[in-house]
Amino acid sequence: MDKLGGRSRDFAARVQPVRLLARSDMPPSPTTRKPWGLSPSPSAPVRNSAHLFSTATLVTAVMVVANIVATVGLVLMNKRLFVVHNFQFPSFVILCHQITAVLFTRTLVATGLMDPKHDLPWMTKMQIAVSDVATLVFINRSLLFNTVGTYQVLKFLNIPCMCVIESMMGTSYATALLASLGVLIAGVGMATVTEVQFSVEGCICGCCAALFTAFHQILIKRAKDKHELGPLQIMHRQAPPTALLLVFTSLSTDNVPMLLTYTPTFWAMTTLILTCLLAVLVIWTVVTLVTRTSPVTFQVIGLMKTCLTFVLGFLMFRNPVTRLNILGILIATVGFAMYTYLKLPSGHPPSIPETVNTPSESGVSEVVSEESKDDE
C-alpha cells in the first residue's frame, strides 16, 4: 500500500499542469465541413472588421472631418479676403500661412508640448519645400488658365501620378485596387465636371500641379516612415524652408508696390488672421492624413469630399442636378466602397497546431507509459 501511495505521489509530482483549451480555441476537426460542401480554409484571409472601430480609425475619421471643415472655411475666408477686402496678393497670403505654421510649431516646442526630435536632412527639407511651393504655384496657374471643369479633370491626374511614381519606387498595387480607383475617378468626373475646355498652357500647368502634388505627399509619407517623425514634427521642420521660398515667390508674382500701399482695415486683418489659423489646421490635417494612411488614400478622401460638397449644394441650396450627376455619385460611392474594403487589413485566423508540444504533454505520456508497464 505504501509502495502504491509512493508511486502515486511520484506520478503527481512528475505531471505538470496541462493548459486546457476552450472550445473556441480547439482546431477544427479534419472531418468538419462547412455548409454547401465548402471545406474550411485556414489560409484564407479574413477582413478585420473590428479595425473599423479602433482608436486609430476614429482619429483618422476626426482628422477627415477637421480637414473638410478647415478646407471649406479657408476657401470661403480667402474668397472674402480677395473679393470683399480687395486683398489680391495670393502668394503673400500663403506666406502668412506658412509663417503662422512656423510660429505655431515653435510655440509647441517652447512650451514643452511637443518634442521636436531630430532634424530632417537638409536635402529632404528642401525637396518637400520646393514641391510644396511648386504645387501651390501651378494650382493657381491652372485655375487661371482653365475653366472650373477643366481644372477638376486635371486634378484627377493626382492619383495616376502617385501610383506611377510609387510603382517606380517599388510599391505595387493590386489590379482590384487600381480598378476601384478607376471607378471612383469616373464617378466623380460624371458627378461634378460640367464644361471642359482645354488649352496648352492650362494643360501644362494642370499636369505640373498633379506631378508636384504627388511628389510632395509621397515625400512627406517617406520622411515620416524613414525618420520616424510625427505630423507636427514634420510641420516643424518643413514650414521654415517653405516660408523662405514663398518670400521669393511673393516678390516675383504679387504686385509689391500695391501691397506696400494697401490700407488695411480691422475686418481685413481679422479675415487674414482667420485664414492663417485655418491654414495651419489644413496643413496639420493634410500631413496627418498622408502619414496615417497614404498619399493615394488622401486623394481618395479628397474626391469623396468633392462629391459630398456637390450633394450638400443640392440639398441646401437646390443647385441644379442631372441624371448623369446622380449616376456619377452612385458610381463614385461604389468605387469608394470597393477601395475601402480592399484597404481594410486582412490576416489569417490564429492557427493552433493539432498537437500542442508542451512539456506537460510529453511528461504525461511518459508517466502513463511507465505506470502501464508497472501495472503489467
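These legends walk through several close-up views of a predicted model.

**Figure 1. The whole chain, before we zoom in.**
Start with the parts list: the protein has 14 helices and two strands. It runs to 376 residues, and 35% of them count as buried. Now look at who touches whom. Among contacts with a separation of 6 or more, 89% are between residues 24 or more positions apart.

**Figure 2. The largest nonpolar core brings several helices together.**
This core contains 24 residues, and Ala 101, Ile 220, Met 235 and Val 287 are the ones with the most contacts inside it. Which helices supply at least two residues each? They are helix 2 (55–83), helix 3, helix 8, helix 9, helix 11 (266–292) and helix 12. Helix 11 is the top contributor, giving eight residues. Zoom in on Ala 101 and, once you set aside its neighbours within four places in sequence, you'll find it in contact with Met 235, Ala 239, Val 280 and Ile 283.

**Figure 3. Elsewhere there is a second core.**
A separate core is made of 22 residues, including Ile 165, Ala 210, Ala 214 and Ala 332.

**Figure 4. Helix 2 meets helix 12.**
When two helices pack, people describe the pair by the angle between the axes and the distance between them. Here, helix 2 and helix 12 pack at about 55°, and their axes are 11 Å apart. Roughly parallel would need an angle under 35 degrees, and roughly perpendicular would need 65 to 115, so helix 2 counts as oblique to helix 12. Their crossing is right-handed. Which residues meet here? From helix 2 come Val 64, Asn 67, Ile 68 and Thr 71, and from helix 12 come Phe 298, Ile 301, Lys 305 and Leu 308. Look at the numbering as you trace each helix. An α-helix has 3.6 residues a turn, so residues three or four places apart point the same way.

**Figure 5. Helix 5 and its neighbours.**
Helix 5 covers residues 148–155, and its buried residues are Gly 149, Thr 150, Tyr 151, Gln 152 and Leu 154. What do these buried residues pack against? Their partners are helix 4, helix 6 (158–168), helix 7 (175–192), helix 8 and helix 12 (295–317).

**Figure 6. Aromatic rings in pairs.**
The structure holds six aromatic pairs, and two of them are worth a closer look. Phe 87 and Phe 92 make a tilted pair, with 6.1 Å from centre to centre and 55° between the planes. Are these two residues buried or exposed? Phe 87 is buried because its relative accessibility is 3%, under the 20% cut-off. Phe 92, at 24%, is partly exposed. The other pair, Phe 138 with Phe 212, is stacked: the centres are 5.7 Å apart and the planes differ by 5°. This pair links distant parts of the chain, since Phe 138 is in helix 4, Phe 212 is in helix 8, and they are 74 residues apart. Phe 138 is partly exposed at 23% relative accessibility, and Phe 212 is partly exposed at 25%.

**Figure 7. A cluster of rings.**
Back to Phe 87 and Phe 92: ring pairs link them with Phe 89 and Tyr 262 into a cluster.

**Figure 8. His 227 and its contacts.**
Find His 227 in helix 8. With a relative accessible area of 15%, below the 20% limit, His 227 counts as buried. What is His 227 in contact with, leaving aside its neighbours within four places in sequence? The answer is His 118, Leu 120, Pro 121 and Thr 124.

**Figure 9. Two loop residues with positive phi.**
Lys 117 has a phi near 55°, a positive value in a residue other than glycine. Look for Lys 117 in the loop between helix 3 (90–110) and helix 4 (122–145). It counts as partly exposed, because its relative accessibility is 44%. Glu 228 also has a positive phi, near 55°, and is likewise not a glycine. Its loop lies between helix 8 (200–227) and helix 9 (231–253). Is Glu 228 buried or exposed? Its relative accessible area is 60%, over the 50% cut-off, so Glu 228 is exposed.

Technical notes:
Residues are numbered from 1 along each chain as its sequence is written. This is a predicted model: local features need pLDDT of at least 70, side-chain atom pairs count only at pLDDT 80 or more; totals for chains, interfaces and linings use all residues. Side-chain values use heavy atoms; hydrogens and water are left out. Helices (H or I, at least four residues) and strands (E, at least two) are DSSP runs, numbered from the N terminus. Buried means under 20% relative accessible area, exposed over 50%, partly exposed in between (1.4 Å probe, protein chains only). Rings of Phe, Tyr and Trp (its six-membered ring) pair if their centres lie within 6.5 Å; planes under 30 degrees apart count as stacked, over 60 as edge-to-face and the rest as tilted. Contact means heavy atoms within 4.5 Å. A nonpolar core is a set of buried Ala, Val, Leu, Ile, Met, Phe, Trp, Tyr and Cys residues joined through side-chain atoms within 4.5 Å. Axes are lines fitted to C-alpha atoms, for helices over the stretch in contact, and angles run from 0 to 180 degrees between N-to-C directions. Angles under 35 degrees count as roughly parallel, over 145 as roughly antiparallel, 65 to 115 as roughly perpendicular and the rest as oblique. A crossing is left-handed if the near helix is turned anticlockwise from the far one by less than a right angle, and right-handed if clockwise.
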